[in-house]
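Thanks for passing this one along. Here are a few friendly notes to read beside the model.

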Amino acid sequence: GDPDIMYASTGIFDREAWDDQPDHGVGVGVLKSENGGEGWFPINNGIPDSEGNRFVGYLEMHPTNPDVLLAASGNNTWGNGGVFRTTDGGLNWTKVLSDDIFTLVTFSPSSPNVVYAGSAFAIYRSDDGGDHWQQFNKPAENNWGPSGIRAGVPIGAAVAPDDPMTIFVNNYQGGNFKSTDGGQTWVDASRGYTGAKLTDIAIHPNSPAIVYTIGRSGPFRSTNAGSDWTGLAYSPASFPEWDAVAMNPDNPQEILISDGHTGSILKSTNGGQSWVKVFDHPIAGYTCTLEPRAQKCFDGFRAIAFAPSNSSIVYAGMSADRRVIDTLFPARASYGMYKSTNGGATGTWQAINTGLPTSSSALLNIRTIAVHPTNPKVAYIGTWKNGVFKTTDGGQHWVAKSNGLTSMDVRSLAIDPGNPQVVYAGLG
């Protein structure tokens, strides 16, 4: 091929794409240079300027024919894109796969007619260069990956140089996964991989080898102190964002988990092998009708805590989406504290916000909960921008306890189990 000829894809599947503005929403598509990158021009003939088609997040060249390229496109904000193919160096493109937000496309180096494409929903394989495709996913969870694991959004892949059926895929919101049967089934190849963003951990008080954790690739369980992990992301536990996990101190098989966007709490009574939704906030979440949605709707339970001395009593606190808390979105209120007196069962959750502030724009964002080791009516909560509050009557009333704190942004709380008069706060 000509070393002066270069191609570039522009765009990304997520909302942060450069062209993602209310009066744009088109995307730039694919660019070509014929002078080693000194100058560029668009080559989008056949790639529509509607929906997400020109948000091209992945571009691959055929390993032996530089005139053949595949492009993958789509955008969460602007719509499904497709997989496009050119056989004439970008003069013309044809859509060969559609109806998904495609974030990956790659050739097999040893058998270039074997082509893979991918999204958060599924992995696709063509054995004839893109004319026909098979789709592989887990229908109940609306995603792909190993059993119990939500793989995430594929953003990188490598097909084994000597085997077109062996492929590794690396993922945003997930890990690294391997298939040896052309994308039909997957194993976790992430041991030692540190890209997972974890948000919570629960360790059994009397059996510390039993550990649950949760993060952007879902909930996991270990029974040998973290040496091995089992994914627990079975429907309905198949959300793309995760926040909290809590374990019943009297029964390690009983777990509560929450996600960061839908205002839901899920419960398992069999160690995470199956889940039931026990609370669904009536306003927060994907069904929210407030505008702008990105700034006002995505609330979840950031903290959940069983009372150590009475596992029937559970406290849970909601918070706005992390983009409000940790980035430049305007400060806004969330929905505060909730309590169950029946182990978190369906229909037992009640709001408990009396005494919490009502005048701050950031009110009722709960970041952490600590419950007294022997008195289930005594609990502390840490809030975003409003400090620490304490209840001595099981949440019927809250009293500010922030005197001496150097920041009102409280991210963690811990009670000394040997002396409950001693409380530690970690500040943002």
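1. Let me begin with the pairing of S4 and strand S5, which spans residues 69-75: the two run antiparallel and share five bridges. This is a predicted model, so please read every value here as computed from it. One bridge to look up on your screen links Val56 to Ser73 in S5.

2. Where does this pair sit in the sheet order S4-S5-S6-S7? S4 and S5 stand next to each other at the start of that order, in an open sheet of four strands with antiparallel pairing. The edges are taken by strand S4 (56-61) and strand S7 (94-98). Each of these has a single partner strand, so one side of S4 and one side of S7 have no neighbour in the sheet.

3. A word on the twist of this sheet: on average, neighbouring strands are turned by 20° against each other, with direction ignored.

4. Now to the cysteines. The model has one disulfide, and it joins Cys288 to Cys297 with an S to S distance of 2.1 Å. That distance lies within the 2.5 Å cut-off for a disulfide. The angle about the S-S bond is -55°, and the link of Cys288 and Cys297 is left-handed.

5. Are the two linked cysteines buried or exposed? Cys288 has 6% relative accessibility and counts as buried, because buried means under 20% relative accessible area. Cys297 is buried as well, with a relative accessible area of 0%.

Note on methods
Residues are numbered from 1 along each chain as its sequence is written. This is a predicted model: local features need pLDDT of at least 70, side-chain atom pairs count only at pLDDT 80 or more; totals for chains, interfaces and linings use all residues. Side-chain values use heavy atoms; hydrogens and water are left out. Buried means under 20% relative accessible area, exposed over 50%, partly exposed in between (1.4 Å probe, protein chains only). Two strands pair if DSSP finds at least two bridges between them. Axes are lines fitted to C-alpha atoms, for helices over the stretch in contact, and angles run from 0 to 180 degrees between N-to-C directions.
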